Amino acid sequence: MTSSSTVDYTAELTQMLRNDFKSKGPATVERVVNRDDAQQLCSQYTEGVPKEVAARIEKAQLQTIKYPADGKYLGDWKEGEKVAQSGRGMQSSDAVGGVNGGNCYACHQLSKAEISFGNIGPTLYNYGKLRGQSDAIMQYTWGKVYNAQAYSACSNMPRFGHNGVLTEKQIKDVMALLMDPKSPVNQ
């Protein structure tokens with residue numbers, strides 16, 4: 001049960017998805033129905049997650065972050081722009097193992113020149129210029145891209161690294177887009 005006034009239909013919904021959804025390409029029924037602890041907890045609350053539950057989720061999700069193996073956070077901002085612009089990936093029409101995009105502009109403004117961007121997430125324009133490149137900022141930014149729920153339980157932002165949507169190299173490139181002074185984000 002999710003609360004005293006609602007009924008938990010998780011088992012029925014899962015069975016319906018297993019019966020009706022057909023895996024094709026990288027869009028698999030397992031990706032749809034297999035929810036981790038954070039997803040299960042977040043699904044229980046429709047009107048805000050209690051602070052103690054949010055703190056528990058964030059603490060657990062923080063432990064899942066894998067920082068760059070070589071200790072270097074920044075890649076190529078030009079490649080990061082391609083990742084941010086691309087909304088492709090993990091769809092039934094895609095090839096298994098194909099390159100995914102981040103689709104960052106669907107939720108964020110990243111550059112002044114971009115005329116089409118979403119506003120679900122905060123503006124990231126001047127992200128690196130305003131925050132600098134301290135170790136703490138680099139670790140936080142990496143962690144936010146890798147697993148946003150480590151900093152905001154039940155966030156709508158995808159857990160790009162945690163869920164294998166973006167590779168370590170792609171996250172480094174997105175980091176460069178956000179942090180490099182030459183990037184259009186910081187102009």
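## Helices, a pocket and selected residues

On the other side of helix 4 from its buried residues, Lys51, Glu52 and Lys59 are exposed. The model described here is predicted.

Helix 4 covers residues 51-62, which makes twelve residues. From its first C-alpha to its last, helix 4 reaches 16 Å, close to the 16 Å expected at 1.5 Å a residue. Which residues of helix 4 are buried? They are Val53, Ala54, Ile57 and Gln61. Seen down the axis of helix 4, these buried residues fall within an arc of 100°, so they line one face of the helix. They pack against helix 3, residues 37-43.

Helix 7, residues 135-146, can be checked in a similar way. The twelve residues of helix 7 should span 16 Å at 1.5 Å a residue, and its end C-alpha atoms are 16 Å apart, which agrees. Buried in helix 7 are Met138, Thr141, Trp142, Gly143, Val145 and Tyr146. The buried residues of helix 7 pack against helix 6 and helix 8.

Thr141 is one of the residues of helix 7. Its relative accessible area is 2%, and because buried means under 20%, Thr141 counts as buried. Leaving aside neighbours within four places in sequence, Thr141 is in contact with Tyr127, Met175, Leu178 and Met179.

Helix 7 also takes part in the largest pocket. How much space lies in this pocket? The value is about 830 Å³. The largest pocket is lined by 38 residues, and the closest to its centre are His108, Asn156, Met157, Pro158 and Phe160. Helix 6 (127-131), helix 7 (135-146) and helix 8 (168-179) each supply at least two residues of the lining. The largest share, four residues, comes from helix 7. Sorted by class, the lining has 17 nonpolar, 16 polar and five charged residues.

Three asparagines found in loops come next, set out in the table with their relative accessible area.

| Residue | Loop | Relative accessible area |
|---|---|---|
| Asn103 | between helix 5 and helix 6 | 36%, partly exposed |
| Asn126 | between helix 5 and helix 6 | 15%, buried |
| Asn147 | between helix 7 and helix 8 | 0%, buried |

Why is Asn103 partly exposed? Partly exposed covers the range between under 20% and over 50%, and the relative accessible area of Asn103 is 36%. Asn126 is buried because its value of 15% is under 20%.

Most residues other than glycine have a negative phi. Asn103 has a positive phi, near 55°, and is not a glycine. Asn126 is likewise not a glycine, and its phi is positive at about 65°. The loop that holds Asn103 runs between helix 5, residues 77-85, and helix 6.

The remaining asparagine of the table, Asn147, counts as buried at 0% relative accessibility. Which residues does Asn147 touch, not counting residues up to four places away in sequence? They are Gln61, Thr64, Ile65, Arg159 and His162. Of these, Gln61 has already appeared as one of the buried residues of helix 4.

Notes. Residues are numbered from 1 along each chain as its sequence is written. This is a predicted model: local features need pLDDT of at least 70, side-chain atom pairs count only at pLDDT 80 or more; totals for chains, interfaces and linings use all residues. Side-chain values use heavy atoms; hydrogens and water are left out. The expected span of a helix is 1.5 Å times one less than its number of residues. Buried means under 20% relative accessible area, exposed over 50%, partly exposed in between (1.4 Å probe, protein chains only). The arc is that of the directions from the helix axis to the C-beta atoms. Contact means heavy atoms within 4.5 Å. On a 1 Å grid over the protein atoms alone, a cavity is a set of points where a 1.4 Å probe fits but cannot get out, and a pocket is an open set with protein on both sides within 12 Å along at least five of seven lines; lining residues have an atom within 4 Å of a point. Grid points are joined across faces, edges and corners, and a volume is the space filled by probe spheres set on the points. Ala, Val, Leu, Ile, Met, Phe, Trp, Tyr, Cys and Pro count as nonpolar, Asp, Glu, Lys and Arg as charged, and the others, Gly among them, as polar.
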